[in-house]
Amino acid sequence: MPDAQLNHTVATLTDGSEVRIPWWRIDSGHDGETLLVIAAQHGNEVQGCEVIRRFKELCESELVAGEVRLVPFANLPAVRHRRSHINLGPEQPYGDHEGHNMNRGWPGDADGNDTERVTHALHEGIVRDCTRALDLHSWSRFTATCTLARDEGLSREMALVSGIRFINWRSLGATGTSVSTIGTLFNDSGRGSITIELAPQWVIRQKEVALGLRAATNLAKLAGMIEGEVEQIDGPYVEFGRDSEADAARKHPLHAPCSGLFVEAGLETSDHVTEGLCIGHIIRDDNLETVEVISPADGWLYQFGCYRPDCDVALPPQHPYASEGDALAFVMEE
Ligand SMILES: [Zn+2]
């Protein structure tokens with residue numbers, strides 16, 4: 001059985017110091033695809049790191065063809081900084097990246113800022129020779145775990161074995177631009193790649209890690225690198241992104257009927273709900289009455305909870321106090 005080999009990719013930073021990014025390579029010794037699994041391009045999105053640790057153990061006993069390259073801490077400086085990008089301070093949103101959003105900077109730049117230099121080193125040392133990619137991210141706890149993929153060819157096939165309830169089909173990336181995601185980089189060169197957002201950021205949850213591990217394993221099975229049947233999701237995939245009008249007809253928003261404190265009824269994003277189910281209640285802030293919040297349709301919770309922009313970097317936007325009319329959920333039909 002193949003052992004994982006520990007490697008380091010070294011980037012020289014603008015001050016002349018070096019950062020060493022550790023990663024594993026597992027070579028089956030047989031021909032096949034080279035599968036990249038990469039996590040923590042954003043330093044606060046860490047569920048994929050544990051997915052990769054477990055996938056490494058599995059590959060050491062199960063890999064029969066090709067090679068896997070496993071990068072649990074892609075943006076190690078941002079992980080050490082405990083934020084999505086190395087330039088961010090307290091409560092600063094992702095959008096204040098000033099060129100330090102690794103996810104938008106592939107294939108990097110050896111003479112660029114420190115993030116671009118790390119990206120360049122990863123690309124040259126690990127990514128450029130890979131034929132397929134699984135890029136693991138996380139978004140806020142208020143949006144469901146979701147696969148993001150182009151609706152074409154190999155990437156489409158890969159998304160449909162991800163075993164993740166929601167699939168957001170993305171349109172073709174803008175061509176002719178010099179910056180891109182790993183997905184764009186792969187798709188534009190005829191290679192398959194999907195992204196999975198394992199919600200939420202900041203934490204590692206066994207349930208999401210298990211989903212990520214199943215997705216990685218299924219992708220390896222699809223590529224003939226691990227033997228056995230793909231383990232599919234229970235029930236249907238809930239797909240959107242192809243046709244905004246059709247999506248709108250299946251996507252049922254639920255707004256706060258009054259202001260007050262929204263109390264979730266023990267549900268989480270991705271849970272199935274039925275029309276008429278009480279998904280929580282509001283404690284009114286004027287007369288202290290309890291007002292039930294009722295699901296408007298049968299479907300799955302794509303968004304759930306009271307939140308505001310930048311809830312992924314700051315606490316007040318996560319506060320459960322709702323103003324009248326705030327969105328509290330989106331229920332997505334099959
Ligand atoms: Zn991310």
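The legends below accompany close-up views of a predicted model.

**View 1. The zinc ion and its protein donors.** The zinc ion is held by donor atoms from His42 (ND1), from Glu45, which is listed twice through OE atoms, and from His137 (ND1), and these atoms lie 2.0 to 2.6 Å from the ion. Along the chain the donors follow the spacing H-x2-E-x91-H. Glu45, in the loop between β3 (34-39) and α1 (47-62), and His137, in strand β5 (residues 132-137), are 92 residues apart, and the pair thus links distant parts of the chain. Both Glu45 and His137 are buried.

**View 2. Angles at the zinc site.** The angles among the four donor atoms of the zinc ion run from 54 to 152°, and the site is irregular. For comparison, the ideal angle for four tetrahedral donors at a metal is 109.5 degrees.

**View 3. An open sheet of four strands.** The strands follow the order β10-β17-β15-β12, with antiparallel pairing, and the edge strands, β10 (251-255) and β12 (272-273), each pair on one side only. Five bridges connect β10 with strand β17 (residues 327-332) in the antiparallel sense, and within this pairing His252 has Val331 of β17 as its bridge partner.

**View 4. Strand β13 and its two partners.** Strand β13 (residues 278-284) pairs with strand β11 (residues 260-264) over five bridges in the antiparallel sense, where Val263 stands opposite His281 of β13. Strand β13 is also joined by five bridges to strand β14 (residues 290-294), again running antiparallel, and Gly280 has Val293 of β14 as its bridge partner. In the hairpin of β13 and β14, five residues lie between the strands, and Leu288 takes a positive phi near 65°.

Methods. Residues are numbered from 1 along each chain as its sequence is written. This is a predicted model: local features need pLDDT of at least 70, side-chain atom pairs count only at pLDDT 80 or more; totals for chains, interfaces and linings use all residues. Side-chain values use heavy atoms; hydrogens and water are left out. Two strands pair if DSSP finds at least two bridges between them. Helices (H or I, at least four residues) and strands (E, at least two) are DSSP runs, numbered from the N terminus. Donors are N, O and S atoms within 2.8 Å of the metal (3.2 Å for Na, K and Ca); water is not among the atoms, so sites may look incomplete. Four donors count as tetrahedral if all angles lie between 85 and 135 degrees; four count as square planar and six as octahedral if opposite donors are over 155 degrees apart and all others between 65 and 115; anything else is irregular. Buried means under 20% relative accessible area, exposed over 50%, partly exposed in between (1.4 Å probe, protein chains only).
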